[in-house]
Amino acid sequence: MWRRKLQFSASLLPLGGGATSSPPPPFSNTIKNYPPFISHSSTHNSFFNELNQKRFDFFSWGFKNYRFQLNLLSAQSFCSDSGKFKCWKCNGAAFLFCEACRSVQPIDQSVDYFQILGLEKKYDIEEGSLEGKYKDWQKKLHPDLVHTKSQEEREYAAEQSARVTAAYRTLSDPIARAIYIMKLEGVDVDEEERISDPELLSEIMEIRESVEEARDTQTLNRIQEQMLRELGNWSRFFADAFQSRKYEKALSSIQRMTYYKRAIEEVIKKL
Amino acid sequence: MFRQSLARFLRTATRNNEVSGISTPRFYHERVVDHYNNPRNVGSFDKNDPHVGTGLVGAPACGDVMKLQIKVDENTGKIVDACFKTFGCGSAIASSSVATEWVKGRQMEEVTTIKNTEIAKHLSLPPVKLHCSMLAEDAIKAAVKDYEAKRAKSPGNAEPTLAEKASSA
């Protein structure tokens with residue numbers, strides 16, 4: 001039923017919004033369609049605007065509300081599909097950035113970090129693939145690129161660019177990524193939790209003591225290697241636990257990873 | 001007149017800036033700094049010694065781990081010595097250092113009543129660091145509990161342990 005409603009609205013759009021005189025191209029094709037689309041609309045835009053302004057002013061209030069409702073609908077039900085986000089300026093398909101009118105979009109909190117970086121929502125990711133995507137976004141969203149635009153859009157750029165940075169930082173760190181994906185599932189890591197698990201704590205105590213007592217680079221390197229191995233093991237353990245929705249186990253893996261990471265930080269300080 | 005008042009405003013503004021520049025906010029109370037630089041009773045006792053109770057606690061989100069040990073006179077129940085080893089932030093180190101000072105020479109019953117708020121107040125810990133003092137409170141309780149568990153295991157000691165009393169209170 002919703003699908004039908006959307007189709008219906010798509011046929012309405014060119015009529016109602018004078019500015020959107022042609023139907024928005026699908027997101028994936030925007031780059032290809034970009035020059036003809038712009039030239040088409042720039043030739044006809046002012047003409048249509050003037051013509052349609054008078055005709056449709058009467059309906060604009062109702063239409064705007066309808067469009068707003070539609071945006072909500074599409075954001076909720078198709079948030080994985082970037083083509084469903086509508087540009088605030090030209091109403092074309094736009095995800096973070098509108099390729100058609102080159103404008104930065106306001107932040108949509110329903111979009112998560114995985115979507116921003118074009119990833120499937122799962123813990124195991126290719127960490128190396130993130131940087132390219134991150135840089136691509138910054139080439140479009142960085143506040144320096146919009147300094148001649150409206151105050152509104154400059155704010156959008158500041159927010160979007162900061163959010164993309166946060167997404168990149170969070171997802172490229174195994175622990176931060178684990179905490180984040182748990183949060184998306186509604187499981188929060190208690191920042192103030194205190195534990196008294198003697199097995200884990202005596203292990204950590206021993207590791208930290210050995211770091212403290214280490215006198216040569218060789219020993220420190222050996223400890224660091226061991227910690228990295230543990231970090232890798234527990235990261236895999238987390239992935240399994242998360243996948244099978246064993247959140248208690250997942251949380252305890254995060255604890256272990258945090259402890260091993262702290263030990264690595266201490267080693268690095270001494271190296 | 002406008003120019004004068006503007007000038008006056010600017011002067012006060014700069015003066016205020018200077019003042020706040022001089023008294024940059026001190027994040028830690030001098031007692032924290034003192035305990036951090038000269039921690040009291042750092043060290044370890046043999047955890048297998050029957051007179052020693054070991055409390056091992058941690059705050060995983062910050063990666064902190066704290067060990068507090070007590071040496072108890074089995075006849076009087078008095079804590080004759082205490083030591084700690086903490087890997088964590090300045091507040092956690094200071095909290096455990098203070099804790100060892102406070103438990104030394106006191107009865108085991110007394111020390112289980114030490115509250116984290118007292119430690120926090122003594123060190124003027126900021127709200128974000130309150131959990132460090134909670135960790136120290138946990139460590140004291142865990143050390144007493146460990147000592148009593150050891151005593152209960154050793155033959156000829158069947159009286160109810162302090163930790164049981166504390167948990168029922």
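**A three-stranded sheet in chain B and the helices of chains A and B**

In this predicted model, chain B contains an open sheet of 3 strands, arranged in the order 1-2-3 and paired in the antiparallel sense. Its edges are formed by strand 1 (52-59) and strand 3 (78-87) of chain B, each of which pairs on one side only. On average, and with direction ignored, neighbouring strands of the sheet are turned by 15 degrees against each other.

The pairing of strand 1 of chain B with strand 2 (residues 64-73) of chain B is antiparallel and extends over 8 bridges. Within this pair, B:T54 is placed opposite B:Q69 of strand 2, and B:A59 is placed opposite B:D64 of strand 2. The hairpin that these two strands form has 4 residues between the strands, and B:G63 adopts a positive phi near 75 degrees there. Strand 2 and strand 3 of chain B are likewise antiparallel, with 9 bridges between them, and B:I70 faces B:A82 of strand 3 across this pairing. In the corresponding hairpin, which has 4 residues between strand 2 and strand 3 of chain B, a positive phi near 75 degrees is found at B:G77. Strand 2 of chain B is mostly covered, with 8 of its 10 residues buried.

Helices from both chains lie across the sheet. Helix 7 (residues 198-213) of chain A lies across strand 1, strand 2 and strand 3 of chain B, and runs at about 70 degrees to strand 3 of chain B. Helix 3 (residues 90-103) of chain B, by contrast, lies across strand 2 and strand 3 of chain B, with a direction at about 175 degrees to strand 3 of chain B.

In chain A, helix 8 (residues 217-243) comprises 27 residues, which at 1.5 Å a residue should span 39 Å; the end C-alpha atoms are 39 Å apart, so the expected and computed lengths agree. The buried residues of helix 8 of chain A include A:L220, A:I223, A:M227, A:L231, A:W234, A:F238 and A:F242, and among them are also A:T219, A:Q224 and A:S235. The buried residues of this helix pack against helix 6 (174-184), helix 7 and helix 9 (247-270) of chain A. Helix 7 of chain A is thus a partner both of the buried residues of helix 8 of chain A and of the three strands of chain B. Just after helix 8 of chain A, A:R245 takes a positive phi of about 60 degrees.

Terms used. Residues are numbered from 1 along each chain as its sequence is written. Chains are lettered from A and ligands numbered from 1 in the order in which they are written. This is a predicted model: local features need pLDDT of at least 70, side-chain atom pairs count only at pLDDT 80 or more; totals for chains, interfaces and linings use all residues. Side-chain values use heavy atoms; hydrogens and water are left out. Two strands pair if DSSP finds at least two bridges between them. Axes are lines fitted to C-alpha atoms, for helices over the stretch in contact, and angles run from 0 to 180 degrees between N-to-C directions. Contact means heavy atoms within 4.5 Å. The expected span of a helix is 1.5 Å times one less than its number of residues. Buried means under 20% relative accessible area, exposed over 50%, partly exposed in between (1.4 Å probe, protein chains only).
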